[in-house]
Amino acid sequence: ALPGHLLRGLLPLLTVFRLERAEGAARRAGLSTQPIWRKLWDDVMKTRPPNSENITCWRKKFLETFFSNVLHGVLDVSSDWRLNDHHFSPLLHSSPHVSQLTLCNMLQGAVELTAEHNQKVLENLAVSLRILKFQHLLSSDQSIRRSLVLLLHRLIHHGSVSQVSMYSWPVPDTVLLVLILSMSAGFWRSGNALTYQSSPCGLCREKDKAQSQESAQERVERGHCDGREWSDGENQKGSPRAPEEPDAEVNRCRADVCLNSVLSGPRSPLQNQACEEASSKVPCDTSIQGGSSCCISDQLSCHSVLRKTRRRLKSAVGKKRRCLRRSRGPYADPEDLYDFVFTVAREDNSGLLDKNSTTEGENAENWTSSSPGSPCTGHAVCKKRGGSAGIFSLKAAHRFRSVSTLELFSIPLTGETCRTLSNLLSSWVSLENLVLSYNGLDANIFCILSGLRALSRHSDCHLRVVRVSDVFSHMPCMELVRCILSAFPRLHTLSVSFDLKNQLEVNRPEGNPSCSQAEIPESCLEQLEIRFPREPLHTAFLVPVLKASKSLQQLSLDSATLPCSQEFGLLLEALKECNPNLKKLSFHDMNLAEHQKEVLLLLQDPVLQEITFSFCRLFESSTTEFLSEIINTVKRNSSLKSLKLPGNRLGNHRLVALADIFSEDSSSSLCQLDVSSNCIKPDGLLEFTKKLEGHIQQRGGQIQFTHLRLFQNWLDQDAETAQEALRRLKAVCSVVNDSWDSSQAFADYISVM
């Protein structure tokens with residue numbers, strides 16, 4: 001209730017706890033607390049955050065980073081009086097603002113968050129957290145894995161986490177890695193095998209109870225509608241059961257199995273084993289998300305199963321059936337349920353592994369061979385036996401909510417881990433973004449592709465973004481692109497990037513046609529990025545992809561070599577013919593010094609809005625006339641918004657000439673210009689600035705130029721001149737630069753001289 005002028009003077013004197021509580025009052029008074037939070041960041045964190053120019057809310061940035069630093073023990077709250085408030089619980093009060101969290105090293109953060117005294121903190125994170133990252137992980141013991149399981153189950157299966165990213169794990173712990181992957185995919189097996197706890201969590205029990213009540217109620221209503229009363233099996237000895245429709249029988253079986261999961265009272269070991277084995281042999285309905293699914297296949301004929309059961313097992317389980325009947329209540333048919341469970345378990349027992357006698361290696365094989373879809377079986381690499389992981393069968397696991405984005409950066413994946421990931425991918429229908437970067441896949445790429453093909457056969461598949469990058473390519477880039485697009489025509493973004501070409505001959509799966517021969521259906525692709533490992537760019541291989549991608553808006557080609565002078569021209573013709581909606585075109589590390597005509601044709605394209613020539617040696621052997629033609633072409637193009645020319649050795653005199661793009665007679669709409677890594681010195685930048693100011697004055701201040709990028713130029717050679725140039729430039733546009741040591745570029749400087 002304080003007046004605005006008093007509140008303005010009071011806010012900087014508040015502790016973090018009081019400042020957070022005063023946020024609403026400040027907003028109502030029309031006051032912004034952003035400068036105070038920014039000063040808090042500078043005083044407490046004492047670092048410059050990355051991409052600080054893009055931070056829109058310093059309050060959230062501070063509290064989110066504060067939470068992480070306190071959690072990992074790198075910030076002492078007694079170090080600043082604004083943090084030292086007895087009302088302030090650091091983790092509890094900052095957790096609602098945390099949307100991104102990184103766990104690292106020995107996962108100490110997971111242990112702390114799952115401690116009993118932080119239960120409310122974990123509940124807050126389950127609502128606010130969207131991105132969970134793991135970085136520089138080390139091997140962990142069983143107690144730490146138990147904490148991690150509890151954390152993932154709460155934040156992913158019963159929370160809001162939509163992205164899991166893992167970074168820099170040179171020697172990954174296979175058990176820990178598979179644990180994170182499987183729980184991210186929504187798989188979770190209750191019991192000691194995985195969760196190290198004897199009972200499911202409270203949220204699971206509540207959901208199962210609600211589902212069982214709904215199923216029971218539906219069966220009662222369905223029974224009344226059919227003119228039948230559901231009764232105990234013993235009361236129907238004198239009258240035979242009327243035959244039911246197959247669909248109704250399937251629905252009854254599904255309801256029974258759901259109800260079985262929440263039966264009251266302790267179960268015998270025989271019951272537990274039978275139910276576990278039964279659920280492990282019935283394929284999961286992967287369309288159910290957000291809770292434990294009833295693992296029943298719609299194709300299973302429950303009617304025939306139950307008839308066999310009554311003949312073969314009625315006497316053997318009669319006593320247990322009567323005990324079960326007394327504990328269940330009036331709405332379920334215990335005979336059908338109990339017979340069904342034991343029939344599936346016994347008839348399929350030969351295909352199950354005994355949990356008490358199975359070795360770790362057999363567990364790993366059970367994962368790869370028995371999971372839904374069994375996608376990874378065709379390639380020789382996928383059949384090799386690796387080290388053991390102690391992995392459980394997917395069929396024995398419940399399916400919960402899963403994340404939509406998975407990113408793996410610099411984590412070596414063995415053949416065994418690739419088979420695991422492949423089988424997880426095969427039914428991961430909620431996955432929208434997949435990023436595999438520098439994982440040492442080599443020939444295991446075929447295993448990943450196998451899982452993706454299996455996933456593509458699901459009608460409810462949501463995968464839209466795939467990014468694959470690695471050091472060595474085990475197959476030609478264009479072949480991999482065609483292979484992925486032929487399986488996923490609904491992809492929006494595809495990025496394939498390799499540093500070096502593997503010279504070894506690729507061992508293709510027997511009986512599978514080459515991906516280069518795969519027909520590409522019309523796709524929804526909007527963004528295509530290809531980094532060639534110094535492979536020749538053969539337009540004939542790229543054109544079919546371009547023809548199938550009528551919606552393509554962004555194309556990036558990197559590190560390709562041009563086998564002949566005609567190839568680049570053929571590419572431009574194909575783009576003009578096949579991709580009329582192309583808005584952004586990028587070339588990186590390609591020698592275009594001898595393709596000046598094609599470069600000018602691109603710059604006058606009436607549709608392109610952004611063109612990038614990055615390290616393309618444009619001016620290596622060019623004349624002054626070529627630069628003038630570039631400037632005049634851009635001046636006449638009113639559709640081009642962004643021109644990026646990093647790494648083309650512009651130097652001072654070419655930079656000054658580029659200022660004429662904004663002259664009075666120009667019709668250019670250019671907003672962004674990138675001249676990073678171009679050997680620009682402070683005096684050249686100052687001259688460019690003065691010339692630009694003159695053009696702006698001639699045009700009456702009407703100019704659309706808004707952004708200039710100057711990374712890695714030689715502005716440190718004369719700090720005073722550079723500061724004057726930057727000061728004057730910032731009055732005209734937004735300038736992005738860095739503090740770069742130009743002595744590292746001495747060799748490049750000599751070559752320009």
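**Close-up views of a predicted model**

**View 1. The end of helix H26 in the predicted model.** H26 is followed by Gly-700, with a positive phi near 70°. The helix itself covers residues 682-698, 17 in number. From first C-alpha to last, H26 reaches 25 Å, close to the 24 Å expected at 1.5 Å a residue.

**View 2. Buried residues of H26 and what they pack against.** Pro-682, Gly-684, Leu-685, Leu-686 and Phe-688 are buried in H26. Thr-689, Leu-692, His-695 and Ile-696 are buried there too. The packing partners of these buried residues are helix H25 (651-658), strand E16 (707-709) and helix H27 (719-730).

**View 3. The two sides of helix H27.** H27 has 12 residues. Its first and last C-alpha atoms lie 16 Å apart, close to the 16 Å expected at 1.5 Å a residue. Buried in H27 are Thr-721, Ala-722, Ala-725, Leu-726 and Leu-729. These buried residues cover an arc of only 130° around the axis, so they sit on the same side of H27. An α-helix has 3.6 residues a turn, so residues three or four places apart point the same way. On the other side of H27, Glu-720, Gln-723, Arg-727 and Lys-730 are exposed. Cover for the buried residues of H27 includes H26, E16 and strand E17 (734-736).

**View 4. The largest nonpolar core.** This core has 173 residues. Phe-62, Phe-134, Phe-587 and Phe-613 have the most contacts inside it. Helix H20 (residues 477-487) gives the most to the core, with eight residues. Domain 1 (1-85) and domain 2 (583-752) both contribute residues, so the core lies between them.

**View 5. Surroundings of Phe-613.** Neighbours within four places in sequence are left aside here. Phe-613 is then in contact with Phe-587, Leu-592, Val-599, Leu-602, Leu-603 and Leu-618. Its other contacts are Lys-644, Leu-645, Pro-646 and Asn-648.

**View 6. His-158 in a loop.** The loop runs between helix H9 (142-157) and strand E3 (163-167). His-158 has a relative accessible area of 13%. That is under 20%, so His-158 counts as buried. Not counting residues up to four places away in sequence, His-158 touches Ala-126, His-153, Cys-201, Leu-203, Cys-204, Lys-207 and Phe-400.

**View 7. The protein chain as context for the close-ups.** The secondary structure comes to 28 helices and 17 strands. Of the 753 residues, 52% count as buried. The chain exposes about 34,900 Å², with 49% supplied by carbon and sulfur atoms.

Technical notes: Residues are numbered from 1 along each chain as its sequence is written. This is a predicted model: local features need pLDDT of at least 70, side-chain atom pairs count only at pLDDT 80 or more; totals for chains, interfaces and linings use all residues. Side-chain values use heavy atoms; hydrogens and water are left out. A nonpolar core is a set of buried Ala, Val, Leu, Ile, Met, Phe, Trp, Tyr and Cys residues joined through side-chain atoms within 4.5 Å. Buried means under 20% relative accessible area, exposed over 50%, partly exposed in between (1.4 Å probe, protein chains only). Helices (H or I, at least four residues) and strands (E, at least two) are DSSP runs, numbered from the N terminus. Domain bounds come from an automatic or database domain assignment. Contact means heavy atoms within 4.5 Å. The expected span of a helix is 1.5 Å times one less than its number of residues. Accessible areas come from the Shrake-Rupley method with a 1.4 Å probe; for residues, only the protein chains shown count as cover. The arc is that of the directions from the helix axis to the C-beta atoms.
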